[in-house]
Amino acid sequence: MEHNQRRTTNHHQIARKPVPQATVNASSNNSSLPEGPHTVLLGHQGSRSEANKKSKTVGKSPIIQSLLFEVLSLLLATASLTALIAILQKYDGKQSPRWTFGRLGVTLNAIVSVLSTVFRAALLVPVAESISQLCWVWFINPRPLQDICFYDSASRGPLGSIRLLFRLRFFHFASIGAVITVLAVALDPFFQQSIRYETAPAADSDSQALTTVAYTYDAGNSKVSGEVGNSYGVIPYNMKTAIYSGVLSSDLVTLPTPPYTCPSGACTWDPFSTLSVSSQCVDLTSHVKLNCSPPNDPTYDTMCTFVAPEDTSFQAMLKVPTIWRVLSMKPSDGRGLFSELQSYANITGFLGTVQWIKANGPFSNKGTPSPLSKYLIPETTFGAVRCVYYLSVSQIRAEVVDGIYSERVLQEYSFSENATAKYLNKPEANGTNFYWPDLWGNYSLIYKPPFAKGLPNLNDTFVVHTDTLAILTSQLVLNQNLFNGTVYSQSNSGLSGPEMPSLLFQASNTTRAIQNVAKYMTTAMRANASMALLQAQQNSSLVAQGSVIRGTVWLQKQFVSVKWAWLSFPIALLVLAVILLTATFVETSRKRVGLWQSSPLTLFFHARVSDEAAFGNFGKEGERGGLDTVGAMQDAAMGIYAKVTGGMGRRIEVFRKEDLKGRSC
């Protein structure tokens, strides 16, 4: 009993000591406290005039000055985000940059990481202070003292912000700060997603792609004894092999390429021009017919022969009718085919023509002594084609893709500057001026196509001497072993006739083989200078500088690709932070609340605890010792309310829940 009394006495002594009566004047016991508004809030009123005077002095402090640090933080966040956007805009679509400082290297990702960290830290400073300041605005009306814990926790991190959102039910300006704090957790992923690295080809400035062209071609010094007919005997070896290779190339998927260099396996060239051999082919199957008649020997099927009554040139090949003919081929220099070749009259570098009739089957061997012998029947299909060869200047676009070189002809130019009209007096020319070259003359054809001017070509003039024309023409049309002859199927071996025509009959596409001859000849022309250099220095990688065309080497490199949509998230948070700070400023001014923000001294200097709240029981009698834990204090705070009073004093009144009705809201 005595112990309980002592405990009660001590309790009252401790409780009454810090709470002086509001009516007590300044005394010697309080003489150590400085005079001013804080003494009033602590319980010492002093002179009201002095208190009012000091309060007015405090009220005159500019609010913007107190919020200067928060404003500067927002400016720093804005500056860091602006710098980030500027850097990303500079390098968007470009190769990934790398800055070196001695042996250390700094990547774009590191710069983005630093700026995003600065942005996040600078953004959350005014947000946290705004939440703390809005806490005091919240207490303009009587609120449970425990709400201070909600606001304090929200200013410290996302978990407390989530709790505050549920406490406020999203209907308060502090909810904006809580939302920003929660969403700021996702800032780093959004910044990371804004940068992607995509692999794309980029020009390599340290290496060059090279290919070759021909500005001229020299097949020999002169014609054999001044004649054209036998000049094919002196054609250069590489050109002769090119022609024969073309004849045998109908089934090839890719053709040989001119000398070129591409270090990376991916190169491109701007359109360039080169001297070339071109070809044009015309399908004349409609000019040829099958003339069929019943056999004299009943053991045979109906037999047929080829006739071409509408084309004298084809009919000349068929002057001896036979059922065994499966291919007839004949070349010509064109001088006897003026009427048939009038559409080629302006080709000044005309080399010759090749025409053929080819039976495709089916055939019949009924009645033949050998199953390999076959003859034409009414069901046999066939084709008739005439191709011309001529010199031209071709504009070409070349590229190397995955290590494979390919070319595409864009346009060609076939009229030389010094061409003269000939053969006008020939009756079969029908008054047409033919500009074909004089193979017996001694001059050069000069080509100056308009598209050859400027780079990448080193020269816009292309020259070929008539001696070279005569040699090429001789090889193509006067060599009796190349495109001349008839192939028969009346043989124990199946075919009989000249070797080359027999091979062309067996080709899957005879027209392609004839056209490939021109492509092989062009490649030989372009490689001529480099082949001479190769033979002289025994180095297969050398390219003659006088005929070189320079291109671009491409390498696979990483490029920065900025996904701008991801940056809308941090921009939105920045805008919300500006709105939050502005709302905090407005609400603080409007509600006349002190700029206490997150200061822990606020309750020490501005709280005024009523006697009832100070001496009230927070549970059962004698359980005040339970306030030594956070949970106990929070439970006790549920029964206590607080209210910020504006005006001159700006104090915080703390009172029991039971006294709430006596307080104005």
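The accessible surface of this chain comes to about 34,100 Å², and 55% of that belongs to carbon and sulfur atoms. Keep in mind as you look around that this is a predicted model. Of the 665 residues in the chain, 43% are buried. The secondary structure comes to 19 helices and 22 strands. Among contacts with a separation of 6 or more, 73% are between residues 24 or more positions apart.

Let's turn to the interior. The largest nonpolar core has 61 residues, and those with the most contacts inside it are Met239, Trp269, Tyr389, Leu476, Phe483 and Met525. Trp269 is a nice one to click on: beyond its neighbours within four places in sequence, its contacts include Leu210, Arg397, Tyr405 and Ile549. Apart from this core lies another, of 50 residues, with Val112, Ala184, Leu567 and Ala577 among them.

Next, find a small sheet. Its 3 strands form an open sheet in the order 6-17-16, with mixed pairing. Strand 6 (216–217) and strand 16 (444–447) are the edge strands, each pairing on one side only. Strand 16 runs antiparallel to strand 17 (residues 462–465), and 4 bridges join them; Leu445, for instance, has Val464 as its bridge partner in strand 17. Helix 13 (residues 466–478) packs on this sheet, touching strand 6, strand 16 and strand 17. The direction of helix 13 makes about 65° with that of strand 17.

Now for the cysteines. The structure holds 3 disulfides, and with the bonded cysteines numbered in sequence order, the pairing is 1-2, 3-6, 4-5. Cys262 and Cys267 form one of them, with sulfur atoms 2.0 Å apart. Cys262 is buried at 16% relative accessible area, and Cys267 is buried at 1%.

Cys281 and Cys387 form another, with their sulfur atoms 1.9 Å apart. This pair links distant parts of the chain, 106 residues apart: Cys281 is in strand 9 (residues 272–283) and Cys387 in strand 14 (residues 375–401). Cys281 is partly exposed, with a relative accessible area of 26%, whereas Cys387 is buried at 0%.

Cys292 and Cys304 also form a disulfide, their sulfur atoms 1.8 Å apart. Because Cys292 lies in strand 10 (residues 289–293) and Cys304 in strand 11 (residues 303–307), the pair ties together parts that are 12 residues apart in sequence. Cys292 is partly exposed at 32% relative accessibility, while Cys304 is buried at 0%.

What about Cys135? Cys135 is in no disulfide, and the nearest cysteine sulfur, that of Cys149, is 9.2 Å away. Cys135 is buried, at 3% relative accessibility. Cys149 is in no disulfide either, and at 35% relative accessibility it counts as partly exposed.

Conventions
Residues numbered from 1 in each chain as written. Predicted model: local features only at pLDDT ≥ 70, side-chain atom pairs only at ≥ 80, totals over all residues. Heavy atoms only, no water. Helix = DSSP H or I, 4+ residues; strand = E, 2+ residues; numbered from the N terminus. Buried < 20%, exposed > 50% of the residue type's maximum accessible area, 1.4 Å probe, protein only. Contact = heavy atoms within 4.5 Å. Areas by Shrake-Rupley, 256 points an atom, 1.4 Å probe, with all protein chains shown as cover. Pairing = 2+ DSSP bridges. Axes fitted to C-alpha atoms, helices over the stretch in contact; angles between N-to-C directions. Core = buried A, V, L, I, M, F, W, Y, C linked by side-chain atoms within 4.5 Å. Disulfide = S-S within 2.5 Å.
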